[in-house]
Amino acid sequence: MFNIFKSAPKNYEDLDGTTFKTKYNNASKAELLDVRTAGEFASGTIPGAKNLDVTSPQFQQALQTLDKDKEYFVFCRSGNRSGSACDLMTAHGFKAYNLSGGVGAWPR
């Protein structure tokens, strides 16, 4: 049966923690983005991550300042907000990867 509710294909990859970290460490021009709130970011993040709150009204504006030549490795608490951020970013021509499972999936 044809599913009319089928979602559009994603233009980004959901990666498990190990794959995400390996790909990030091996990318020549990579940026690590924590898309949680400033409060969540302040409570602890992955070293080297830049905070860009996807729920902020400034998120779309901030995208215009990012370098499209870089690959963006995006994460949040669970992987949902970062998935939304990856959707927005790829729609604007960015290469983005989502950390499936969120910040807790990052290997220590």
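This passage describes the surroundings of Asn-51 and the nonpolar cores of a predicted model. Residues are numbered from 1 along each chain as its sequence is written, and side-chain values use heavy atoms, with hydrogens and water left out. Local features need pLDDT of at least 70 and side-chain atom pairs count only at pLDDT 80 or more, whereas totals for chains, interfaces and linings use all residues.

Asn-51 belongs to strand E3 (residues 50-51); strands (E, at least two residues) and helices (H or I, at least four) are DSSP runs numbered from the N terminus. With a relative accessible area of 26%, Asn-51 is partly exposed, that is, between buried (under 20%) and exposed (over 50%; 1.4 Å probe, protein chains only). Beyond neighbours within four places in sequence, Asn-51 is in contact (heavy atoms within 4.5 Å) with Asp-34, Arg-36, Thr-37, Ala-38 and Phe-41. The Asn-51 side chain reaches the backbone oxygen of Asp-34 at 3.0 Å, and a polar atom of that side chain lies 3.0 Å from the backbone oxygen of Arg-36. The C-alpha atoms of Asn-51 and Leu-32, 19 residues apart in sequence, are separated by 8.8 Å.

The largest nonpolar core (buried Ala, Val, Leu, Ile, Met, Phe, Trp, Tyr and Cys residues joined through side-chain atoms within 4.5 Å) has 17 residues, and Leu-33, Val-35, Phe-59, Leu-66, Tyr-72, Val-74 and Met-89 have the most contacts inside it. Helix H3 (59-63), strand E4 (71-75) and helix H4 (80-91) each give two or more residues to this core. A second, separate core of 13 residues includes Ala-27, Phe-73, Phe-75 and Val-103.

Note on methods:
Polar contact = N/O pair within 3.5 Å; in protein donor to acceptor, adjacent residues only side chain to side chain.
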